[in-house]
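Work through the exercises below with the sequence and the 3D view at hand. Try each task before you read its solution.

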Amino acid sequence: GSVTAVRPETTDLAVLRYDLVDLLFSALLTIYLIGCLFVSYKLLRSLWKIHMLIKNNEMVREAGYRIVRLKNGPAFFSFMKCIFINENKNSLNQDEYNTVLLHEQAHIRQKHSYDLLLMEIAGVVCWFNPFVKKLKTSLYQVHEYLADKAVMHTKQDPDAYSQLIIRLSHHYEADRFVHPFSVADLKTRINMLYIQKQSKMKAV
């Protein structure tokens with residue numbers, strides 16, 4: 001029988017296609033890994049900043065949480081079992097101060113920091129996916145609603161509480177994956193306070 005000869009042009013084209021696919025895969029993998037390293041660096045830098053805040057500032061241990069008294073930085077935020085308070089920006093009366101503590105204690109009690117850390121890790125792996133960022137924003141908002149709900153169980157005046165949220169929103173300077181007192185969409189958040197109040201009144 002006769003043997004069909006393979007044309008050199010066909011072989012060269014197949015090799016060229018394989019080389020291009022291999023080159024494209026290598027380039028995409030490199031870009032992906034660089035993105036992972038960059039996002040990981042930002043995450044570790046944020047964790048280090050929080051560690052240094054705890055290390056370089058006075059800390060007071062309370063039942064179930066710790067208060068870190070900041071010399072500079074954001075007015076109020078929480079992370080894990082720590083509530084960070086900048087005394088220099090604390091222009092609150094005692095009742096307002098206690099209200100903020102209730103809010104931040106709710107974040108700690110409901111372990112919201114663990115949720116945010118998981119989202120940050122997901123952001124490292126899926127840094128190219130815009131859905132992860134939207135999901136993270138939604139998670140922040142849900143956390144704030146839950147903390148507000150916990151406060152409204154003890155505070156019956158949504159007017160005063162909403163004014164406090166608006167006033168402290170101007171002090172937002174916190175880093176990644178922490179819970180500043182005022183960060184979520186203010187209009188929606190305040191509307192939720194009145195919905196919760198109406199639900200309580202109907203339940204009575």
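The model is predicted.

**Exercise 1. Which three residues do ring pairs link into a cluster? Take one pair within that cluster and classify it.**

Step 1. Ring pairs link Tyr32, Trp127 and Phe128 into a cluster.

Step 2. Put this in context. Five aromatic pairs occur in the structure.

Step 3. Take tyrosine 32 and tryptophan 127. Their ring centres are 6.4 Å apart and their planes meet at 25 degrees, so this pair is stacked. The cut-off for stacking is under 30 degrees.

Step 4. Place the two residues. Tyrosine 32 sits in helix H1 (residues 8-56), while tryptophan 127 is in the loop between H3 and H4. They are 95 residues apart, so the pair links distant parts of the chain.

Step 5. Check exposure. Tyrosine 32 has a relative accessible area of 28% and is partly exposed. Tryptophan 127, with 32%, is partly exposed too.

**Exercise 2. How are the rings of phenylalanine 76 and tyrosine 97 arranged, edge-to-face or stacked?**

Step 1. Read the geometry. The distance is 6.5 Å centre to centre, with 65 degrees between the planes.

Step 2. Apply the cut-off. Planes over 60 degrees apart count as edge-to-face. This aromatic pair is edge-to-face.

Step 3. Locate the partners. Phenylalanine 76 belongs to strand S3 (residues 76-79), and tyrosine 97 to helix H2 (residues 94-109). The two are 21 residues apart, and their pair links distant parts of the chain.

Step 4. Check burial. Phenylalanine 76 and tyrosine 97 are both buried.

**Exercise 3. How many salt bridges does the structure hold? Trace three of them and find the network.**

Step 1. The count is four salt bridges.

Step 2. Start with glutamate 120 and lysine 136. Their closest N and O atoms are 3.3 Å apart. Glutamate 120 is in helix H3 (residues 112-125) and lysine 136 is in helix H4 (residues 130-152), so the bridge ties together parts 16 residues apart in sequence. Both glutamate 120 and lysine 136 are buried.

Step 3. Go on to glutamate 144 and arginine 189. This salt bridge has its closest N and O atoms 3.4 Å apart. Glutamate 144 lies in helix H4 and arginine 189 in helix H6 (residues 186-203), so parts 45 residues apart in sequence are tied together. Glutamate 144 counts as buried, because its relative accessibility is 0%. Arginine 189 is also buried, at 0%.

Step 4. Look for another partner of arginine 189. Aspartate 148 forms a salt bridge with arginine 189, and here the closest N and O atoms are 2.6 Å apart. Aspartate 148 is in helix H4 and arginine 189 in helix H6, so this pair ties together parts 41 residues apart in sequence. Aspartate 148 is buried, as is arginine 189.

Step 5. Join the bridges. Shared partners bring Glu144, Asp148 and Arg189 into one network.

**Exercise 4. Which way do the strands joined to S2 run, parallel or antiparallel?**

Step 1. Take strand S1 (residues 58-62) and strand S2 (residues 65-70). They run antiparallel and are joined by five bridges. Methionine 59 stands opposite valine 68 in S2.

Step 2. Look at the turn. The hairpin of S1 and S2 has two residues between the strands. Glycine 64 takes a positive phi near 90 degrees in this hairpin.

Step 3. Now take S2 and strand S4 (residues 82-86). Five bridges join them, and they run parallel. Arginine 66 stands opposite cysteine 82 in S4.

**Exercise 5. Is histidine 112 buried or exposed, and which side chains does the histidine 112 side chain contact?**

Step 1. Place histidine 112. This residue lies in helix H3.

Step 2. Its relative accessibility is 3%, so histidine 112 counts as buried.

Step 3. List polar contacts. One of 2.8 Å joins its side chain to that of histidine 107. Another, of 2.9 Å, reaches the side chain of glutamine 110.

**Exercise 6. What is the order of the elements from the N terminus on?**

Step 1. Count the elements. The protein has six helices and five strands.

Step 2. Write the order: α-β-β-β-β-α-α-α-α-β-α.

Step 3. Add burial and contacts. Of the 204 residues, 36% count as buried. Among contacts between residues at least 6 apart in sequence, 63% join residues at least 24 apart.

Note on methods. Residues numbered from 1 in each chain as written. Predicted model: local features only at pLDDT ≥ 70, side-chain atom pairs only at ≥ 80, totals over all residues. Heavy atoms only, no water. Salt bridge = Lys/Arg side-chain N within 4 Å of Asp/Glu carboxyl O. Helix = DSSP H or I, 4+ residues; strand = E, 2+ residues; numbered from the N terminus. Buried < 20%, exposed > 50% of the residue type's maximum accessible area, 1.4 Å probe, protein only. Contact = heavy atoms within 4.5 Å. Phe/Tyr/Trp six-rings, centres within 6.5 Å; stacked < 30°, edge-to-face > 60°. Pairing = 2+ DSSP bridges. Polar contact = N/O pair within 3.5 Å; in protein donor to acceptor, adjacent residues only side chain to side chain.
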